[in-house]
Amino acid sequence: MRTLAELRQSLTAYGAAGDRDRFDTELDAIALDDLDQISGIVQTYRQRVIQRTAAAILPAQATDEPDDHQG
(Lines give C-alpha, C1' and ligand atoms only; values in the text may rest on other atoms or scores of the structure.)
Protein backbone atom coordinates (compact mmCIF):
# COMPACT_ATOMS: atom_id res chain seq x y z
CA MET A 1 0.00 0.00 0.00
CA ARG A 2 2.28 2.68 -1.27
CA THR A 3 -0.32 4.79 -3.07
CA LEU A 4 -3.79 6.11 -2.32
CA ALA A 5 -5.14 3.84 -5.05
CA GLU A 6 -3.58 0.78 -3.38
CA LEU A 7 -4.94 1.83 0.01
CA ARG A 8 -8.42 2.31 -1.45
CA GLN A 9 -8.23 -1.11 -3.08
CA SER A 10 -7.10 -2.69 0.21
CA LEU A 11 -9.87 -0.95 2.15
CA THR A 12 -12.40 -2.33 -0.31
CA ALA A 13 -11.00 -5.85 -0.05
CA TYR A 14 -9.99 -6.06 3.62
CA GLY A 15 -11.45 -3.08 5.47
CA ALA A 16 -14.45 -3.07 7.75
CA ALA A 17 -17.82 -2.20 6.28
CA GLY A 18 -17.85 1.48 5.38
CA ASP A 19 -14.09 2.06 5.81
CA ARG A 20 -13.58 2.94 2.15
CA ASP A 21 -16.44 5.47 2.16
CA ARG A 22 -15.32 7.04 5.45
CA PHE A 23 -11.74 7.27 4.15
CA ASP A 24 -12.86 9.08 1.02
CA THR A 25 -15.20 11.36 3.02
CA GLU A 26 -12.43 12.31 5.45
CA LEU A 27 -9.98 13.02 2.62
CA ASP A 28 -12.58 15.10 0.77
CA ALA A 29 -13.03 17.28 3.86
CA ILE A 30 -9.31 18.15 4.10
CA ALA A 31 -7.54 20.90 2.17
CA LEU A 32 -5.13 19.40 -0.36
CA ASP A 33 -2.20 21.36 1.05
CA ASP A 34 -2.76 20.10 4.63
CA LEU A 35 -0.25 17.27 4.29
CA ASP A 36 -0.03 16.55 8.03
CA GLN A 37 -3.74 15.86 8.29
CA ILE A 38 -3.78 13.84 5.06
CA SER A 39 -0.84 11.79 6.31
CA GLY A 40 -2.62 11.13 9.61
CA ILE A 41 -5.76 9.89 7.87
CA VAL A 42 -3.76 7.66 5.51
CA GLN A 43 -1.76 6.19 8.40
CA THR A 44 -4.91 5.45 10.39
CA TYR A 45 -6.64 3.56 7.59
CA ARG A 46 -3.45 1.83 6.47
CA GLN A 47 -2.95 0.54 10.01
CA ARG A 48 -6.56 -0.73 10.09
CA VAL A 49 -5.95 -2.80 6.96
CA ILE A 50 -2.67 -4.16 8.35
CA GLN A 51 -4.33 -5.14 11.64
CA ARG A 52 -7.27 -6.83 9.90
CA THR A 53 -5.08 -8.85 7.55
CA ALA A 54 -2.70 -9.82 10.39
CA ALA A 55 -5.63 -10.96 12.53
CA ALA A 56 -6.85 -13.12 9.66
CA ILE A 57 -3.40 -14.68 9.12
CA LEU A 58 -2.19 -15.21 12.69
CA PRO A 59 -4.97 -17.54 13.91
CA ALA A 60 -4.46 -19.69 10.80
CA GLN A 61 -0.74 -19.96 11.55
CA ALA A 62 -1.43 -20.92 15.16
CA THR A 63 -3.56 -23.88 14.09
CA ASP A 64 -0.85 -25.09 11.71
CA GLU A 65 1.69 -25.56 14.50
CA PRO A 66 2.00 -29.03 16.07
CA ASP A 67 0.57 -29.49 19.53
CA ASP A 68 3.49 -30.01 21.94
CA HIS A 69 1.14 -30.91 24.80
CA GLN A 70 0.05 -34.27 23.43
CA GLY A 71 1.20 -37.09 25.55
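Me: A polar contact is a pair of N or O atoms within 3.5 Å. In this predicted model, what makes the pairing of aspartate 19 with arginine 48 a polar contact?

Reply: The side chains of aspartate 19 and arginine 48 are 3.4 Å apart in this pairing. The cut-off is 3.5 Å, so the pair qualifies as a polar contact. Arginine 48 is also listed among the contacts of aspartate 19 beyond four places in sequence, together with Leu11 and Tyr45.

Me: Why is aspartate 19 called buried?

Reply: Its relative accessibility is 3%. Buried means under 20%, so aspartate 19 counts as buried. Aspartate 19 lies in helix 2, where the other buried residues are Phe23, Asp24 and Leu27.

Me: How do you know that the buried residues of helix 2 are on the same side?

Reply: Asp19, Phe23, Asp24 and Leu27 cover an arc of only 130° around the axis, and therefore they share one side of helix 2. In general, an α-helix has 3.6 residues a turn, so residues three or four places apart point the same way. The face turned away from the buried side carries the exposed residues Asp21, Thr25 and Asp28.

Me: Which residues make up the largest nonpolar core?

Reply: This core has nine residues: Leu7, Leu11, Phe23, Leu27, Ile30, Ile38, Ile41, Tyr45 and Val49. Helix 1, helix 2 and helix 3 each supply at least two of them, and helix 3 gives the largest share, four residues. Isoleucine 38 touches Leu27, Ile30, Ala31 and Leu32, leaving out residues up to four places away in sequence.

Me: In which helix is confidence highest?

Reply: Confidence is highest in helix 2, at a mean of 96, and lowest in helix 3, at 86. The mean pLDDT of the chain is 87.

How values were computed: Residues are numbered from 1 along each chain as its sequence is written. This is a predicted model: local features need pLDDT of at least 70, side-chain atom pairs count only at pLDDT 80 or more; totals for chains, interfaces and linings use all residues. Side-chain values use heavy atoms; hydrogens and water are left out. pLDDT is the predictor's confidence in each residue, from 0 to 100. Helices (H or I, at least four residues) and strands (E, at least two) are DSSP runs, numbered from the N terminus. Buried means under 20% relative accessible area, exposed over 50%, partly exposed in between (1.4 Å probe, protein chains only). The arc is that of the directions from the helix axis to the C-beta atoms. A nonpolar core is a set of buried Ala, Val, Leu, Ile, Met, Phe, Trp, Tyr and Cys residues joined through side-chain atoms within 4.5 Å. Contact means heavy atoms within 4.5 Å. A polar contact is a pair of N or O atoms within 3.5 Å; within protein, one must be able to donate a hydrogen and the other to accept it, and residues adjacent in sequence count only if both atoms are side-chain atoms.
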